[in-house]
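This report concerns a single molecular structure and sets out selected features of its side chains and backbone. Please consult the sequence and the model while reading.

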Amino acid sequence: MSAIDSLQPQPLWNYFSQLCGVPRPSGEEAAVRQLIIDFAQSLGLQYLVDSAGNLIVKKPATAGYENRAGVVLQSHLDMVPQKNNDSNHDFSKDPISPFIDGDWVRADGTTLGADNGIGVAAIMAVLASNELQHGPVEALFTIEEESSMSGAEGLGADTLDGEILFNLDSEDEGELFVGCAGCVDIVSTAQYEEVKPEENSKSFEIFVSGLKGGHSGCDIHLGRGNANRVMARLLKRGTGELGMSISSLKGGSLRNAIPREAFANVVVPAANAERLREIAEEVKAIVQAELAAVEGDLSISVKEVTPLNLVMPQATQRDWLALLACCPIGVQRMSDSVPGVVETSNNLAVVHIANGNIKVECMARSAVDSAMDELAETIRDAFALTGAESRFEAPSPGWTPNMNSPILGVMRKTYQRLFDQDPEIKVIHAGLECGLLGGTYPRWDMISFGPTIRFPHSPDEKVEIKTVDRFWQLLSAALREVPESRSN
């Protein structure tokens, strides 16, 4: 029995505990999908798996609610697989180990998967309940939200009958979300001919670690350090002062996570070996001072390694380090229409240089589609100056707010009645699936809400216990308050 099984509401936490036992990184949702299929079969509920790999489970209305508008409850099955450097966790086979830490639940050295496991667990609790009152319910469990949104993109227009979408994938209890940013991945690649390093050299591994990372949408405004930028800064200085040559560089792992760590293997003239260590300490001190308010554990280590045989040519190396130093990172513009919300940002997410191949992945987001396109094209054009080829992947449109949404009115009143306070109405900078789903089902009246989750997409991810209970209360009451179907 897990420590979290005793928490309230117990059915929701029990289902979340089950989800923690099933590995579910993006692209590997088969096992968790089968878990829910077995669950649906045990309840005698109708289900189907569509051609994209999404799972849909249907539950009839409770007695007296047959004329209510159908509600689609939607969450994604996958989670972001991030772990601390000292963790041996294998996301392909090992269960997540949740534990209670004061007012929060977190995991042991890894992401928790509350994004979006709490939403999935809540839907399972709705499907299993014999006490809730609701109209027709369709549960939509999408796949690969964290990697490509291919599940939402591939959903057929004739698969679902509902009129209202409850997206259970936002991360601030007390806030109702009515819009989100769009996003696009910019993947740039190039090749180079490796050369031999100069004689009488020494080889080193440089490791940048200790940064907090986080969600490249929800946490981008916090101004946290980007390991790729820190590493590029150090290598650029080492190249200019020491004649350093890069053998390989790897930083970041996911396009929607702010990179926490970066590794580089380099070669420097033997006479400059000790100066390399000094430069590393100097860069560390400078970055720590710049980020003192948001980062306190930055570490830069330098370790001598077995001699490296091949490196980048100096001219190529200088061009690419200059490009990594100039690539936009973080917030580019705040919203004019929604105060306090980021409009446009970019995450320099993944850098991989090795064996004559270069690959850099960025993720641009914006609440304004044209601004997102402009930023993506700017990054592509900058990379083209080095001869790189760039492609755009997994574009996802934004979700335009509708402040006159009928379900927003229902949710506002329900929240005020339950908790004697008004909810905040928000637009989120993260890329919810609502943009894609609303394009396929323009008739849907959509809203997003959830419990309070902090630091998703990082091993510091945690969910606040009391807000899970409030989230469940709101979901349960809102289902009861859904108006009659427009087709009646």
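The sections below treat salt bridges, surface charge, cysteines and backbone geometry in turn.

The model is predicted: local features require pLDDT of at least 70, side-chain atom pairs count only at pLDDT 80 or more, and totals for chains, interfaces and linings use all residues. Residues are numbered from 1 along each chain as its sequence is written, and side-chain values use heavy atoms, with hydrogens and water left out.

## Salt bridges

The structure holds 23 salt bridges, each being a side-chain nitrogen of Lys or Arg within 4 Å of a carboxyl oxygen of Asp or Glu. Three of these pairs are listed here.

| Acidic residue | Basic residue | Closest N to O |
|---|---|---|
| Glu163 | Arg486 | 3.8 Å |
| Glu175 | Lys426 | 3.0 Å |
| Asp381 | Arg380 | 3.3 Å |

Which parts of the chain does the pair of Glu163 and Arg486 link? Glu163 lies in the loop between helix H4 (150-154) and strand E7 (164-167), while Arg486 belongs to the segment after helix H11 (465-481); the two are 323 residues apart. Helices (H or I, at least four residues) and strands (E, at least two) are DSSP runs, numbered from the N terminus. Glu163 counts as buried because its relative accessibility is 11%, and Arg486 counts as exposed because its value is 54%. Here buried means under 20% relative accessible area, exposed means over 50%, and partly exposed lies in between (1.4 Å probe, protein chains only).

The pair of Glu175 and Lys426 also links distant parts of the chain, with Glu175 in strand E8 (residues 175-180) and Lys426 in strand E20 (residues 424-428), 251 residues apart. Glu175 is buried at 13% relative accessibility, whereas Lys426 is partly exposed at 23%.

In the pair of Asp381 and Arg380, Asp381 is partly exposed, with a relative accessible area of 43%. Arg380 is likewise partly exposed, at 31%. Elsewhere, Arg237, Glu241, Arg275, Glu278 and Glu282 are joined into one network by salt bridges that share partners.

## A negative surface patch

Which residues form a negative surface patch? Asp369, Asp373, Glu374 and Glu377 do so. Patches are made of residues with over 30% relative accessible area and no salt bridge, like charges being joined within 9 Å and nonpolar side chains (Val, Leu, Ile, Met, Phe, Trp, Tyr) within 5 Å. Within the patch, Asp373 is found in helix H8 (residues 369-384). Asp373 counts as partly exposed because its relative accessibility is 38%.

## Cysteines

A disulfide is a covalent bond between the sulfur atoms of two cysteines. A search of the whole structure finds zero disulfides, the criterion being a pair of cysteine sulfur atoms within 2.5 Å. Cys20 is in no disulfide, since the nearest cysteine sulfur, that of Cys218, is 19 Å away. Cys20 is buried, with a relative accessible area of 2%.

Why is there no bond between Cys326 and Cys327? The sulfur of Cys326 is 9.0 Å from that of Cys327, its closest cysteine sulfur, and this is too far for a bond. Cys326 counts as exposed, at 63% relative accessibility.

## Backbone geometry

Gln8 and Pro9 are joined by a cis peptide bond, with omega about 0 degrees. Pro9 is placed in the segment before helix H1 (10-20). A cis peptide bond also joins Asp115 and Asn116, where omega is about 5 degrees, and Asn116 lies in helix H3 (residues 114-128).

Glu144 is a residue other than glycine with a positive phi, near 55 degrees. Its place is in the loop between strand E6 (137-142) and H4, and Glu144 is partly exposed at 21% relative accessibility. Asn355, although not a glycine, has a positive phi of about 55 degrees. Asn355 is found in the loop between strand E17 (342-354) and strand E18 (357-366), and is exposed, with a relative accessible area of 62%.

Gly44 occupies the loop between helix H2 (30-43) and strand E1 (46-49). Gly44 is exposed, at 63% relative accessible area. Its C-alpha atom is separated by 9.3 Å from that of Lys59, 15 residues apart along the chain.

Notes. Areas by Shrake-Rupley, 256 points an atom, 1.4 Å probe, with all protein chains shown as cover. Lys, Arg positive; Asp, Glu negative; His and termini not counted. Charge placed at Lys NZ, Arg CZ, Asp CG, Glu CD.
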